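User: Could you walk me through the fold of this chain? I'd like the cut-offs along with the answers.

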Amino acid sequence: MGLTSHAKILALHRKLSTYDAHEKSFNNFDAIQKSQKCGCFFCERIFPAGEVEDWTSDNTAFCPYFGMDSVVQDYNVKVTSHFLRRMNAEWFGNFVRQQR
Ligand SMILES: [Zn+2]
């Protein structure tokens, strides 16, 4: 395995982890009850899990700040500003940051 393919595999792993986290942003009511903090990969804010008060009909959390269903939780996702930024780039193409 050359360096190039190793780099490709690393990139794939990074991508898979944001895809995996994105999956966990759906139907996440139960996971949020088990979490201390949540993060939104739309506005990239990190907030206490207890701040989530609105849910879609399929129990997907809405961000308390922007009302987007783009919330992940530390029960099963790494909630750091760095990771939220990567997810934002992946799913929103840095849209929010460009607006700031
Ligand atoms: Zn948000």
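Analyst: Sure. Helices (H or I, at least four residues) and strands (E, at least two) are DSSP runs, numbered from the N terminus. This is a predicted model, where local features need pLDDT of at least 70 and side-chain atom pairs count only at pLDDT 80 or more, while totals for chains, interfaces and linings use all residues. Residues are numbered from 1 along each chain as its sequence is written.

User: What pattern does the protein chain follow along the sequence?

Analyst: The chain has four helices and three strands. Read in sequence order, they give α-α-β-β-β-α-α.

User: Which residue in strand 2 stands opposite glycine 39?

Analyst: Two strands count as paired if DSSP finds at least two bridges between them. Strand 1 and strand 2 (residues 46–48) run antiparallel, joined by three bridges. They make a hairpin with five residues in between, and glutamate 44 in that turn has a positive phi of about 65°. Opposite glycine 39 you'll find isoleucine 46.

User: And which residue in strand 3 stands opposite cysteine 38?

Analyst: Strand 1 also pairs with strand 3, again antiparallel, over three bridges. Across from cysteine 38 sits glutamine 73.

User: How many residues does the largest nonpolar core have?

Analyst: A nonpolar core is a set of buried Ala, Val, Leu, Ile, Met, Phe, Trp, Tyr and Cys residues joined through C-beta atoms within 7 Å. Buried means 20 or more other C-beta atoms within 10 Å of a residue's own, with C-beta atoms placed from the backbone. Helix 2 (29–33), strand 1 (37–40), strand 3 (71–73) and helix 3 (81–92) each supply at least two residues of the largest core. Its residue count is 17.

Conventions
A residue is buried if 20 or more other C-beta atoms lie within 10 Å of its own, exposed if 12 or fewer, and partly exposed in between; C-beta atoms are placed from the backbone.
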